[in-house]
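Please look through the sequence and the model below before reading on. The paragraphs that follow lead from one part of the fold to the next.

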Amino acid sequence: MKADKRQEQVAYIFDDLKKKIIRGQLKQNEKLSELVLCEIYSVSRLYIKEVLKMLDMEKLINYVPRRGYHIAGISMHLIKEMAAIRYAYDCIACEYFAKYASPDELAKLEKIADRMKFFGEHRREDDVLDEAVSFYDHVYSVCPFERITDTLKGISSYIDLIKKFDADEEGYFERGTYAIITLTNGIKEKDSEKIRHALYYRNHRVLDMIFGYGAEMIYK
């Protein structure tokens with residue numbers, strides 16, 4: 001039981017620090033003090049050392065001899081990598097949903113898409129993002145590939161960063177509405193090409209940087 005509780009605490013501290021780094025609350029090159037972290041989270045240094053090793057493995061922090069750990073920050077390379085993983089896995093999940101979802105599961109997805117469209121037209125950003133989470137969570141709930149859905153959930157913090165990166169561009173709501181309508185129609189029609197086009201279009205700024213500007217012409 002003690003081991004389980006320890007792992008729960010380590011996982012909580014790791015997730016909390018990871019989110020703070022990704023969201024920019026902890027700045028690049030900022031030093032992480034083990035003693036300060038022990039005080040913040042009310043745990044011993046053994047817990048913090050384990051968390052720091054985990055963050056180091058994800059390249060979110062760097063160890064400098066005699067100076068300790070410092071925030072590495074989030075590179076554009078990492079954003080691109082997460083966007084590519086999300087795109088590839090979402091293609092698999094959505095195509096599976098299109099093939100195997102029941103009429104009731106499809107109807108539920110359409111209702112979520114309708115709500116998202118409504119909120120997008122009224123520029124209700126928080127509601128749009130909430131419905132987007134519901135949309136993909138529903139798709140994942142039908143997909144039996146646990147490793148894929150677990151991976152997508154595991155990189156959720158990075159996905160939030162991709163959404164923020166994408167939302168800064170003019171036309172975000174219009175593009176988001178178009179993407180979700182196209183994706184829903186592609187799922188209804190069991191059209192893999194339309195599904196992939198919608199998912200590409202959803203976060204095309206990041207994917208354009210991965211595959212090169214003009215890559216969207218593949219889908220036209």
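**A walk through the predicted fold**

D15 has a relative accessible area of 38%, which means that D15 counts as partly exposed, and this residue has its place in helix α1. Although D15 and G154 are 139 residues apart along the chain, their C-alpha atoms are separated by 9.8 Å. The model in which these values are computed is a predicted one, and the confidence of the prediction is taken up again at the end.

Seen as a whole, the protein chain contains 11 helices and three strands, and from the N terminus on its elements follow the order α-β-α-α-β-β-α-α-α-α-α-α-α-α. Of the 220 residues in the protein chain, 41% are buried. Among the contacts with a separation of 6 or more, 66% join residues that are 24 or more positions apart. The surface that the protein chain exposes comes to about 12900 Å², of which carbon and sulfur atoms supply 52%.

The strands may be taken next. Strand β1 (residues 31-32) pairs with strand β3 (residues 68-71) in the antiparallel sense, over two bridges, and within this pairing L32 stands opposite Y69 of β3. Strands β2 and β3 also run antiparallel, and four bridges join them; V64 has G68 in β3 as its bridge partner. Three residues lie between the strands in the hairpin of β2 and β3, where R66 takes a positive phi near 70°.

Which residues touch the most other members of the largest nonpolar core? In this core of 28 residues, they are F135, V139, L183, I187 and L199. Helices α4 (76-100), α5 (103-121), α6 (125-142), α7 (146-154), α9 and α10 (192-202) each supply at least two residues of this core, and α6 gives the most, with seven residues. If residues up to four places away in sequence are not counted, V139 touches A93, C94, F97 and L109. Another core, of 24 residues, lies apart from the largest one and includes F14, L17, L26 and C38.

A residue of helix α9 (residues 172-188) can be followed in the same manner, namely T182. T182 has a relative accessible area of 9%, and therefore counts as buried. Once its neighbours within four places in sequence are left aside, T182 is in contact with K194, H197 and A198.

The charged side chains add a further set of links, and the count of salt bridges comes to 12. One of them joins K18 and E58, whose closest N and O atoms are 3.7 Å apart. Because K18 lies in helix α1 (residues 2-22) and E58 in the loop between α3 (45-57) and β2 (61-64), the pair ties together parts that are 40 residues apart in sequence. Are the two partners buried or exposed? K18 has 6% relative accessibility and so counts as buried, whereas E58, with a relative accessible area of 30%, is partly exposed.

D90 takes part in salt bridges with R86 and with R202. The side chains of D90 and R86 meet at 3.7 Å, N to O, and because these residues are four apart in helix α4, they are separated by about one helical turn. Between R202 and D90 the closest N and O atoms are 2.8 Å apart; since R202 lies in helix α10 and D90 in helix α4, this pair ties together parts that are 112 residues apart in sequence. D90 and R86 are buried, and R202 is buried as well. Elsewhere, a network of salt bridges links E34, R45 and K49.

How far the details can be read depends on the confidence of the prediction. The protein chain has an average pLDDT of 83, and 83% of the residues score at least 70. Confidence is highest in helix α2 (residues 34-41), at a mean of 95, and lowest in helix α11 (residues 204-211), at 62. Over residues 213-220 the pLDDT stays under 50, and the model has 11 contacts beyond four places in sequence for this stretch. Where pLDDT is low, the predicted coordinates should not be read in detail.

Key
Residues are numbered from 1 along each chain as its sequence is written. This is a predicted model: local features need pLDDT of at least 70, side-chain atom pairs count only at pLDDT 80 or more; totals for chains, interfaces and linings use all residues. Side-chain values use heavy atoms; hydrogens and water are left out. Buried means under 20% relative accessible area, exposed over 50%, partly exposed in between (1.4 Å probe, protein chains only). Contact means heavy atoms within 4.5 Å. A nonpolar core is a set of buried Ala, Val, Leu, Ile, Met, Phe, Trp, Tyr and Cys residues joined through side-chain atoms within 4.5 Å. A salt bridge is a side-chain nitrogen of Lys or Arg within 4 Å of a carboxyl oxygen of Asp or Glu. Two strands pair if DSSP finds at least two bridges between them. pLDDT is the predictor's confidence in each residue, from 0 to 100. Accessible areas come from the Shrake-Rupley method with a 1.4 Å probe; for residues, only the protein chains shown count as cover.
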